[in-house]
Structures are given as structure tokens and as C-alpha cells.
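Could you take a look at the pockets and the sheet of this model with me? The sequence and structure come up next.

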Amino acid sequence: MKYTLKIWRQKSPDEKGRFVTYEAHDVGPGMSFLEMLDGVNQGLIAKGEEPVAFEQDCREGICGSCGVVINGHAHGPDRETATCQLHMRRFHDGETIYIEPFRAKA
């Protein structure tokens, strides 16, 4: 499967951020969302580009640190599912996916 990713990139809190478009190719339906991002990062590193930073720890759906906003929903489209347990079969082949960090104000 293949996806177009619109990923929020921002170097620091003081700099203006923007969505950057990336392509994810050869994505298996059983891959987790984070495994898909790992593949994208491997491609970026191979090209000498800065990888996408994201939080993750256990990758077992326990800790909840892998939270990102996917298509406007915290952790993605499935309720009570951590991003690391969200599988790519949940998305349609060729779909455009928006990925951004949680944003909170004090």
C-alpha cells in the first residue's frame, strides 16, 4: 500500500511550522502506524534529510506516549487505541493522512 503523508514540521517553538508532504511506499497492512513512520524515516535518513520526530516508548499499547493527532483525531480514528497499535489496514490505499503533534496551552 502507499500513502501521502502531510506531516507537521517545526524546528522549534519559536519558528513557524508547516505541513510537509512525504510519500510512504510498500506499506504492509499489518504494519503499525509507528512502523510505517519508521520506514519513512529510514528513507529520509538515506537521503540525508532530517527524520520525523515522534514520541514512543513501549510500542505495546500500554504507556500512551506514542500520541499524535492523525487526521484531526488523537491517536487516530480508532477509540481507545494507541498510535503504536493502530494498523495501516485501517487506512485506504492511496489515502492522504495528516499527522501533527498534540497541542496544548497552559
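What follows covers the model, its sheet and its two largest pockets.

## About the model

This is a predicted model, in which local features need pLDDT of at least 70 and side-chain atom pairs pLDDT 80 or more, while totals for chains, interfaces and linings use all residues. Residues are numbered from 1 along each chain as its sequence is written, and side-chain values use heavy atoms, leaving out hydrogens and water.

## The sheet

Five strands form an open sheet in the order β2-β1-β5-β3-β4, with mixed pairing. Because β2 and β4 (73–74) are at the edges with a single partner strand each, one side of each has no neighbour in the sheet. Strands (E, at least two residues) and helices (H or I, at least four) are DSSP runs numbered from the N terminus, and two strands pair if DSSP finds at least two bridges between them.

β1 and β2 run antiparallel, joined by seven bridges. Lys 6 stands opposite Thr 21 in β2.

## The largest pocket

A pocket here is an open set of points on a 1 Å grid over the protein atoms alone, where a 1.4 Å probe fits, with protein on both sides within 12 Å along at least five of seven lines; lining residues have an atom within 4 Å of a point. The largest pocket has a volume of about 710 Å³, volume being the space filled by probe spheres set on points joined across faces, edges and corners.

Its lining has 27 residues, with Trp 8, Arg 9, Gln 10, Lys 11 and Ala 53 nearest the centre. The elements giving two or more residues to this lining are β1 (3–9), β2 (18–24), α1 (33–46) and β5 (96–100).

## The second largest pocket

This pocket has a volume of about 180 Å³. Among its 14 lining residues, Glu 23, Ala 24, His 25, Gly 39 and Val 40 lie nearest its centre. β2 and α1 each give two or more residues to the lining, and α1 gives the most, with six.
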